[in-house]
Amino acid sequence: GVKQDYKKAAEWHQKSANQGHTPAQLYLALLYNNGQGVKQDYKKAAEWHQKSANQGHTPAQLYLALLYNNGQGVKQDYK
């Protein structure tokens with residue numbers, strides 16, 4: 001195994017996410033959401049969830065909805 005390293009995880013997810021890999025976009029968004037390996041940034045989390053959601057990735061659609069529900073990184077919108 002390898003030692004847990006959120007910073008390294010974020011770097012690898014970023015590389016994959018930049019190539020359009022929807023699960024990597026989701027995981028990168030979650031790292032931004034939780035501040036693991038990267039500075040916590042709800043706006044960046046929302047951006048990555050949006051990219052994944054736009055490609056039909058249903059887990060990202062759920063997390064994006066939760067960000068809108070809570071007004072984290074996006075304007076709160078219950079509609």
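**Exercise 1. Classify E11 by exposure, given its relative accessible area of 36%.**

Solution. Start with the cut-offs: buried means under 20% relative accessible area, exposed means over 50%, and partly exposed lies in between (1.4 Å probe, protein chains only). E11 has 36%, so E11 is partly exposed.

Before going on, note what you are looking at. This is a predicted model, in which local features need pLDDT of at least 70, side-chain atom pairs count only at pLDDT 80 or more, and totals for chains, interfaces and linings use all residues. Residues are numbered from 1 along each chain as its sequence is written, and side-chain values use heavy atoms, with hydrogens and water left out.

**Exercise 2. Find the salt bridge of E11 and place its two partners.**

Solution. Step one: recall the general idea. Side chains of opposite charge can pair when their charged atoms come close.

Step two: apply the rule. A salt bridge is a side-chain nitrogen of Lys or Arg within 4 Å of a carboxyl oxygen of Asp or Glu. The partner of E11 is K8, and their closest N and O atoms are 3.6 Å apart.

Step three: place the pair. Both E11 and K8 sit in helix 1, residues 6–18. Three residues separate them, about one turn of the helix. Helices here are DSSP runs (H or I, at least four residues), strands are E runs of at least two, and both are numbered from the N terminus.

Step four: check exposure. K8 has a relative accessible area of 43%, so K8 is partly exposed.

Step five: look further along the chain. V38 is 27 residues from E11 in sequence, yet their C-alpha atoms are 9.2 Å apart.

How many salt bridges does a search of the whole structure find? It finds one.

**Exercise 3. Describe the overall fold and dimensions of the chain.**

Solution. Count the elements: there are four helices and zero strands. Read from the N terminus, the order is α-α-α-α.

Now take the box. Along the principal axes, the C-alpha atoms fill roughly 45 × 25 × 20 Å.

Next, test the radius of gyration. It is taken over C-alpha atoms, and the globule rule is 2.2 Å times the number of residues to the power 0.38. For 79 residues, a compact globule would come near 12 Å; the chain has 12 Å, so the two agree.

**Exercise 4. Summarise burial, contacts and charge for the chain.**

Solution. Burial: 29% of the 79 residues are buried.

Contacts: a contact means heavy atoms within 4.5 Å. Take the contacts with a separation of 6 or more; residues 24 or more positions apart account for 35% of them.

Charge: there are 10 positive and 5 negative side chains. Lys and Arg count as positive, Asp and Glu as negative; His and the chain ends are not counted. The centres of the two sets lie 2 Å apart. Each charge is placed at NZ of Lys, CZ of Arg, CG of Asp or CD of Glu.

**Exercise 5. Is H49 buried or exposed, and which residues does it contact?**

Solution. Locate H49: it lies in helix 3, residues 42–54. Its relative accessibility is 1%, so H49 is buried. Set aside neighbours within four places in sequence. H49 then contacts L26, A29, L30, A60, Y63, L64 and L67.

**Exercise 6. Work through T22 and Q25, both in helix 2.**

Solution. Helix 2 covers residues 22–34. T22 has 16% relative accessibility, so T22 counts as buried. Q25 has 3%, so Q25 counts as buried.

List the contacts, leaving out residues up to four places away in sequence. T22 touches S52, Q55 and H57. Q25 touches A17, G20, W48, K51, S52 and Q55.

Add C-alpha distances. T22 and L66 are 44 residues apart along the chain and separated by 18 Å. Q25 and A45 are 20 residues apart in sequence and 9.2 Å apart in space.

**Exercise 7. Where is Q76 found, and what does it touch?**

Solution. Q76 is found in the segment after helix 4 (58–70). Its relative accessible area is 41%, so Q76 is partly exposed. Not counting residues up to four places away in sequence, Q76 touches Y68, N69, N70 and G71. G35 is 41 residues from Q76 along the chain, and their C-alpha atoms are separated by 21 Å.
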